[in-house]
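Biologist: Please pick one part of this model and look at it closely. Then work outward from there, element by element.

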Amino acid sequence: MAQEADEVDRIVEAWTAQRPDLDFSPLGVLSRVDRLSRHLDRARRDAFRRSELEPWEWDVLSALRRAGEPFQLSPKQLLQQTLVSSGTMTNRIDRLVGRRLVRRENDPDDGRSILVTLTEDGRVRVDAAITRLVDAEAVLLASLPRGDRERLAALLRKLSLGFDTGGDA
């Protein structure tokens with residue numbers, strides 16, 4: 001049974017006809033990843049919007065929620081998890097405090113430091129967003145049986161680890 005062709009197949013075929021001297025197999029993989037990334041980005045933005053969150057707010061709030069009770073991290077820990085500059089993080093914390101989604105608290109172990117703590121409203125919003133996100137992502141993957149999803153996840157993990165260890169991703 002012949003596989004159904006997608007837009008990437010047509011692009012690769014056209015390039016192969018024009019430049020038969022090149023191996024276009026990377027395009028076959030990474031152009032699909034790019035196209036799927038756009039669908040995922042739209043699904044994520046919609047899930048966050050429906051929970052009245054911006055993507056950057058989600059990044060911070062989800063890091064706090066994943067930390068478990070009492071849902072707090074230091075600004076340095078938040079920096080490590082969100083990969084933004086310290087100035088950007090300070091601005092984000094200020095804005096989240098203003099929206100009453102987080103609060104600053106003195107670190108009981110170090111009087112010179114603060115901890116950022118998720119508020120009840122922040123927890124409710126991040127929990128709603130993750131529920132919507134998981135549902136939306138399940139729809140995106142609905143055409144793949146569980147075994148195929150697991151194989152794809154394993155292959156993407158293998159590819160991702162190559163970037164993670166090099167510090168590029």
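Modeller: Start with Arg-125. Arg-125 sits in helix α6, which spans residues 120–140. The model is predicted, and every value here is computed from it. Is Arg-125 buried or exposed? Arg-125 is buried: its relative accessible area is 17%, and the cut-off for buried is under 20%.

Which residues does Arg-125 touch, leaving aside those up to four places away in sequence? They are Ser-51, Glu-52, Leu-53, Arg-99 and Leu-101. One of these contacts, Glu-52, deserves its own look.

Glu-52 belongs to the loop between α2 and α3. Its phi is near 60°. That is a positive value, and Glu-52 is not a glycine. Most residues other than glycine have a negative phi. Glu-52 counts as exposed because its relative accessibility is 54%, where exposed means over 50%. So Arg-125 is buried, yet one of the residues it touches is Glu-52, which is exposed.

Now follow the loop back to α2. Two packed helices are described by the angle between their axes and the distance between the axes. Helix α2 covers residues 25–50, and helix α1 covers residues 7–18. Their axes come within 10 Å and cross at roughly 140°. That angle makes α1 oblique to α2, since only angles over 145 count as roughly antiparallel. The crossing of the two helices is right-handed.

Who makes the contact? From α1 come Glu-7, Val-8, Asp-9, Ile-11, Val-12 and Trp-15. From α2 come Leu-27, Gly-28, Ser-31, Arg-32 and Arg-35. By type, the residues of this contact are 5 nonpolar, 2 polar and 4 charged.

Go forward from Glu-52 instead, and the loop leads to α3. Helix α3 meets α5: the two axes come within 11 Å and cross at roughly 90°. α3 is therefore roughly perpendicular to α5. On the α3 side, the contact uses Trp-56, Glu-57, Val-60 and Leu-61. On the α5 side, Met-89, Arg-92, Arg-95 and Leu-96 take part. The contact of α3 with α5 has 5 nonpolar residues, no polar ones and 3 charged.

Next, the two loops along the way. The loop between α3 (55–66) and β1 holds Pro-70. The peptide bond joining Glu-69 and Pro-70 is cis, with omega about 5°. Most peptide bonds are trans. The loop between α4 (75–82) and α5 holds Leu-83. Leu-83 has a phi near 55°, again positive in a residue other than glycine. Leu-83 counts as exposed because its relative accessibility is 67%.

Then the sheet. What is its strand order? It is an open sheet of 3 strands, ordered β1-β3-β2, with antiparallel pairing. β1 (72–73) and β2 (102–107) are the edge strands. Each has a single partner strand, so one side of each lacks a neighbour in the sheet. β1 joins β3 (residues 110–118) through 2 bridges, and the two strands run antiparallel. In that pairing, Leu-73 stands opposite Val-116 in β3. Helix α5 packs on the sheet and touches both β2 and β3. The direction of α5 makes about 115° with that of β2. So α5 appears twice in this account: in contact with α3, and packed on the sheet.

On the other side of β3, 6 bridges join β2 to β3, also antiparallel. Asp-107 stands opposite Asp-110 in β3. The link from β2 to β3 is a hairpin through 2 residues.

Last, Leu-115, in strand β3. Leu-115 counts as buried because its relative accessibility is 12%. Leaving aside residues up to four places away in sequence, Leu-115 touches Gln-72, Leu-73, Ser-74, Arg-103, Arg-104, Glu-105, Asp-107 and Pro-108. Among these are Leu-73, the residue opposite Val-116, and Asp-107, the residue opposite Asp-110. One further spacing: Leu-115 and Leu-78 lie 37 residues apart in sequence, with their C-alpha atoms 9.9 Å apart.

Terms used. Residues numbered from 1 in each chain as written. Predicted model: local features only at pLDDT ≥ 70, side-chain atom pairs only at ≥ 80, totals over all residues. Heavy atoms only, no water. Axes fitted to C-alpha atoms, helices over the stretch in contact; angles between N-to-C directions. Helix = DSSP H or I, 4+ residues; strand = E, 2+ residues; numbered from the N terminus. Parallel < 35°, antiparallel > 145°, perpendicular 65-115°, else oblique. Left-handed = near helix turned anticlockwise from the far one by under 90°. Contact = heavy atoms within 4.5 Å. Nonpolar A, V, L, I, M, F, W, Y, C, P; charged D, E, K, R; others polar. Pairing = 2+ DSSP bridges. Buried < 20%, exposed > 50% of the residue type's maximum accessible area, 1.4 Å probe, protein only.
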